[in-house]
Amino acid sequence: MARAWYLVQSKPRNEMRALENLVRQGYETYLPLMEVERLQRGKLLKKMEPLFPRYLFLHLEEGNDNWGPIRSTMGVAGLVRFGQAYAVVSDDLLEAVRVRTQDVKKALFTPGDSIRVVSGPLLGLEGVFDITDGEQRSFVLLEFMQKQQRVSVSTADLRAGL
């Protein structure tokens with residue numbers, strides 16, 4: 001039989017642990033990641049997170065590879081099944097995911113999002129997110145003095161929604 005990609009479910013927030021332990025056992029794995037911006041303690045941080053939380057891919061040959069240790073691998077909840085059949089992911093689909101995740105970034109805000117300023121000299125003003133200005137600042141459109149103004153604000157001072 002030919003090798004195929006199978007879907008593995010990890011325990012909550014254990015994708016990296018599952019990946020590391022499966023690789024250590026000699027399995028070929030793939031965990032698609034994307035860069036995400038997060039506010040932590042008032043600072044904008046960039047970190048890599050799984051594109052599909054709790055899921056990773058495992059390249060196996062049915063009947064030839066040892067599937068036994070997979071279930072008891074630390075971080076792994078189990079192989080995904082539909083009835084008695086394991087979930088197989090086509091090579092074409094996986095290759096499309098690889099191509100699209102090479103430079104995937106998920107920004108904290110996207111242009112047009114409603115925002116409000118939660119600290120700093122513009123506290124309480126509401127507006128529309130325009131674009132980031134480097135790592136720590138963003139341009140927003142704020143309504144004041146009866147006119148919409150484009151203002152540079154610390155990204156840490158912004159929150160989504162109204």
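V36 sits across from K47 of strand β4, and that pair is a handy place to start reading this predicted model. The two residues belong to a longer ladder: strand β3 (residues 33-40) and strand β4 (residues 43-50) run antiparallel and are joined by 8 bridges. Follow the chain to the turn of this hairpin and you will find 2 residues between the strands. One residue to look at here is R41, whose phi is positive, near 55 degrees.

Now move along the chain to strand β5, which covers residues 55-61. Is this strand mostly covered or mostly open? It is mostly covered, with 6 of its 7 residues buried. Two other strands pair with β5. Strand β1 (residues 3-10) runs antiparallel to β5 and is linked to it by 7 bridges; within that ladder, Y6 has L58 as its bridge partner. Strand β2 (residues 28-30) is also antiparallel to β5, through 3 bridges, and there E28 stands opposite H59.

As a general background, nonpolar side chains tend to be buried together in soluble globular proteins. In this model, the largest nonpolar core has 15 residues. The residues with the most contacts inside this core are L22, L56, L58, L60, I70 and L79. Which elements each supply at least two residues of the core? They are β1, α1 (15-24), β5 and β6 (76-79).

L58 is worth a closer look, as it ties several of these threads together. Leaving aside residues up to four places away in sequence, L58 touches A4, W5, Y6, V8, L22, Y27, E28, T29, I70 and L79. Among these contacts you will recognise Y6, the bridge partner of L58, as well as L22, I70 and L79, which are named with L58 among the core residues with the most contacts.

Further along the chain there is another sheet to explore. Here 5 strands form an open sheet with antiparallel pairing, in the order β14-β13-β12-β11-β15. At its edges stand β14 (147-154) and β15 (158-160); each has a single partner strand, so one side of each is left without a neighbour in the sheet. From one strand to the next, the twist averages 45 degrees. Inside this order, strand β12 (residues 126-133) pairs with strand β13 (residues 137-144) over 6 bridges, in the antiparallel sense. To find your place in that pairing, look for G127, which stands opposite L142 in β13.

Conventions. Residues numbered from 1 in each chain as written. Predicted model: local features only at pLDDT ≥ 70, side-chain atom pairs only at ≥ 80, totals over all residues. Heavy atoms only, no water. Pairing = 2+ DSSP bridges. Helix = DSSP H or I, 4+ residues; strand = E, 2+ residues; numbered from the N terminus. Buried < 20%, exposed > 50% of the residue type's maximum accessible area, 1.4 Å probe, protein only. Core = buried A, V, L, I, M, F, W, Y, C linked by side-chain atoms within 4.5 Å. Contact = heavy atoms within 4.5 Å. Axes fitted to C-alpha atoms, helices over the stretch in contact; angles between N-to-C directions.
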